[in-house]
Amino acid sequence: ASKWAIEGLTQALAQELPATMGAVTLSPGAVYTQALATIHGADKASTYIAPQSWAAQAVPYLLGLSPALSGQALTFTAVRSPQCTTDTAPLALEKSD
């Protein structure tokens, strides 16, 4: 239900923005998290891309989006590179207090 709420809010925002601006919801696909490791096991979870590597690929994609996509629900699945050492081991996540 919360996904639909965010998508609805984004669509409403998109209608209010000037034509030169846009708002989209962006699903990251599968990204390594501690929750993924807990649910699926560390071995399987470590095969997914690290958040920093996902972001490094997603930011140029986001910056290149056209305002014509405003209001859309998009998915960006990053490509895991074998040369990228940040992808070869699970990310150490800090706990927040």
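This is a short talk on one predicted protein model, going from the overall fold to two of its helices.

Hello everyone, and first some housekeeping. Because the model is predicted, local features need a pLDDT of at least 70 and side-chain atom pairs count only at pLDDT 80 or more, while totals for chains, interfaces and linings use all residues. Residues are numbered from 1 along each chain as its sequence is written, and side-chain values use heavy atoms, with hydrogens and water left out.

Let's start with confidence. pLDDT is the predictor's confidence in each residue, from 0 to 100. The protein chain averages 83, and 82% of the residues score at least 70. Over residues 83–97 the pLDDT is below 50, and this stretch has 17 contacts in the model beyond near neighbours in sequence. A contact here means heavy atoms within 4.5 Å.

Now the fold. The protein chain has 4 helices and 2 strands, in the order α-β-α-α-α-β along the sequence. These are DSSP runs numbered from the N terminus: helices are H or I with at least four residues, strands are E with at least two. Taking contacts with a separation of 6 or more, 62% are between residues 24 or more positions apart. The accessible surface, by the Shrake-Rupley method with a 1.4 Å probe, comes to about 6,800 Å², and 61% of that surface belongs to carbon and sulfur atoms. Of the 97 residues, 22% count as buried. Buried means under 20% relative accessible area, exposed means over 50%, and partly exposed is in between, with a 1.4 Å probe and protein chains only.

On to helix 1. Its 15 residues should span 21 Å at 1.5 Å a residue, and the end C-alpha atoms are indeed 21 Å apart; the expected span is 1.5 Å times one less than the number of residues. Which residues of helix 1 are buried? They are Glu7, Thr10 and Ala14. These cover an arc of only 60 degrees around the axis, so they sit on the same side of helix 1. That arc is taken from the directions from the helix axis to the C-beta atoms. As a reminder, an α-helix has 3.6 residues a turn, so residues three or four places apart point the same way. The cover over the buried residues of helix 1 includes strand 1 and strand 2.

The face turned away from that buried side carries exposed residues, namely Ser2, Trp4, Leu9, Gln15 and Glu16. Leu9 has a relative accessible area of 59%, and Gln15 has 67%. Gln15 and Gly71 are 56 residues apart along the chain, yet their C-alpha atoms are separated by 7.6 Å.

What about Thr25, buried or exposed? Thr25, in strand 1, counts as buried at 12% relative accessibility. Leaving out residues up to four places away in sequence, Thr25 touches Ile6, Glu7, Thr10, Gln72, Ala73 and Leu74. Two of those names, Glu7 and Thr10, you have just met among the buried residues of helix 1.

Last, helix 4, residues 51–63, where the expected and actual spans agree at 18 Å. There is a kink of about 25 degrees at Gln57, shortly before the proline Pro60. The bend at a residue is the angle between axes fitted to the seven residues ending there and the seven starting there. Ser53, Trp54 and Ala58 are buried in helix 4, and the buried residues of this helix pack against strand 1.

Thanks for listening!
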